[in-house]
Amino acid sequence: MIIRLKNIGRSPVFFGIVIGCLVVLSEIILKGFNPPTAYGICFVCNTRDLIQWIIPLDLDAPEIARRFIILTIPGVILGSFISAKKNKEFKVQRSAKPVWMVLLGILVSIFGLIIMSCPTRLWLRLGFGDPLALISVVGLLLGIFLGVVTQRIIACL
Amino acid sequence: MFVVISLFYLLLGVITGILGQRSRICFIGGFRDYFIIRDKDLIMGVFSFFVTIRLLVLLFQLIGIFSLNWPSLIAIWNNSFIVMAFIGAVLLGYFATLSGSCPLRHYVQMGQGNTSSMWFALGMLIGIILFYWKIIELISYFGF
């Protein structure tokens with residue numbers, strides 16, 4: 001696979017290397033504020049931290065999230081919007097199954113909060129050496145396999 | 001100080017968004033592609049993410065910046081955390097595959113204008129509030 005230097009943004013390996021370095025860097029820079037271990041990037045936990053600032057319920061946000069607004073998720077949406085507009089890939093597509101997506105969102109966030117990570121943070125915790133993350137990754141792969149089998153069975157009916 | 005930290009996280013998010021949109025990375029879709037088509041392009045991104053972090057963490061532990069002390073696997077073997085970690089991860093993978101992609105890719109697609117992912121994000125909001133309202137007392141029966 002030949003990667004030209006101009007198109008290196010298209011390569012997922014580049015994403016992995018750059019974001020991996022940035023996440024470990026953010027862990028070092030913010031050491032003084034005592035974040036939980038491996039808290040650099042998590043899409044379930046950071047959504048919970050954002051809601052904590054809007055709704056005055058007592059969600060279990062860590063201390064760093066109560067002092068500072070963690071703006072990773074609006075940043076992801078903004079960055080992807082900028083990149084899509086620049087490459088002319090922005091297109092508003094109507095959803096085919098809205099109720100199904102809301103239901104799946106509820107389920108994914110509930111199970112994400114049970115294991116305290118989203119799929120992205122699971123690999124981050126595994127990189128930091130968490131033994132529970134090893135068990136969870138094995139379970140995640142099994143779950144993906146079962147999901148693929150289910151989708152194939154539904155497609156054959 | 002408040003503004004500096006929030007801007008730092010915002011910058012991290014913007015870079016993730018730009019690179020995530022260009023490379024179409026997905027932590028769940030990569031494995032789905034490998035299981036169906038044997039396409040190794042996306043899971044190489046996942047593994048490079050993991051390998052970079054592992055190498056950097058080992059390096060910084062050697063130098064002495066990080067001092068992590070995890071409990072070993074044998075010590076927590078009799079804990080019920082392991083059952084919840086395994087079952088929760090299986091169901092997380094199952095429902096995330098049914099939805100199509102991991103939450104990262106859903107947020108990136110939200111920036112691209114995909115309305116399905118906006119409904120998914122609404123569901124995530126509802127699910128978080130529901131979890132802390134009702135479900136956490138149900139799970140405490142299992143020793144969570």
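Colleague: How many salt bridges are there between chain A and chain B?

Modeller: Zero between those two chains. Bear in mind that this is a predicted model.

Colleague: OK, and polar contacts? How many residue pairs turn up across the interface?

Modeller: The rule finds 19 residue pairs in polar contact across the interface of chain A and chain B, counting pairs where both residues are at pLDDT 80 or more.

Colleague: Which elements of chain A are on that side?

Modeller: Seven helices give two or more residues each to the side touching chain B: α1 (12-29), α2 (43-54), α3 (63-67), α4 (72-86), α5 (98-114), α6 (119-128) and α7 (131-156) of chain A. The top contributor is α7(A), with 17 residues.

Colleague: What's the mix of residue classes there?

Modeller: On the side of chain A that touches chain B, you get 66 nonpolar, 30 polar and ten charged residues.

Colleague: How much area do the two chains bury between them?

Modeller: About 9,700 Å², with 79% of it on carbon and sulfur atoms. In chain A, the residues losing the most area to chain B are Pro12(A), Phe15(A) and Trp123(A), which together make up 7% of what that side buries.

Colleague: And how many residues does each chain put into the contact?

Modeller: Chain A puts in 106 residues and chain B puts in 94 residues.

Colleague: Let's step back to the fold. How many helices and strands are in chain A?

Modeller: Chain A has seven helices and zero strands, so to speak α-α-α-α-α-α-α when read from the N terminus on. Its C-alpha atoms fill a box of roughly 50 × 40 × 35 Å along the principal axes.

Colleague: Switching to pockets: what volume does the largest one have?

Modeller: The largest pocket comes out at about 600 Å³. It is lined by 28 residues, and the closest to its centre are Ile114(A), Ile115(A), Met116(A), Arg121(A) and Arg125(A).

Colleague: Which elements give two or more residues to that lining?

Modeller: Both chains show up: α2, α5, α6 and α7 of chain A, together with α4 (81-99) and α6 (115-139) of chain B.

Colleague: How does the pocket lining divide by class?

Modeller: The lining of the largest pocket has 20 nonpolar, three polar and five charged residues.

Colleague: What about cavities, how many of 30 Å³ or more?

Modeller: The structure holds one, and the largest cavity has a volume of about 30 Å³.

Colleague: Which residues line the largest cavity?

Modeller: From chain A there are Ser26(A), Glu27(A), Leu30(A), Pro35(A), Tyr39(A) and Gly40(A), and from chain B there is Tyr9(B). By class, that lining divides into four nonpolar, two polar and one charged.

Technical notes. Residues are numbered from 1 along each chain as its sequence is written. Chains are lettered from A and ligands numbered from 1 in the order in which they are written. This is a predicted model: local features need pLDDT of at least 70, side-chain atom pairs count only at pLDDT 80 or more; totals for chains, interfaces and linings use all residues. Side-chain values use heavy atoms; hydrogens and water are left out. Contact means heavy atoms within 4.5 Å. Buried area is the accessible area (1.4 Å probe) that two parts lose on being put together, summed over both. A salt bridge is a side-chain nitrogen of Lys or Arg within 4 Å of a carboxyl oxygen of Asp or Glu. A polar contact is a pair of N or O atoms within 3.5 Å; within protein, one must be able to donate a hydrogen and the other to accept it, and residues adjacent in sequence count only if both atoms are side-chain atoms. Helices (H or I, at least four residues) and strands (E, at least two) are DSSP runs, numbered from the N terminus. Ala, Val, Leu, Ile, Met, Phe, Trp, Tyr, Cys and Pro count as nonpolar, Asp, Glu, Lys and Arg as charged, and the others, Gly among them, as polar. On a 1 Å grid over the protein atoms alone, a cavity is a set of points where a 1.4 Å probe fits but cannot get out, and a pocket is an open set with protein on both sides within 12 Å along at least five of seven lines; lining residues have an atom within 4 Å of a point. Grid points are joined across faces, edges and corners, and a volume is the space filled by probe spheres set on the points.
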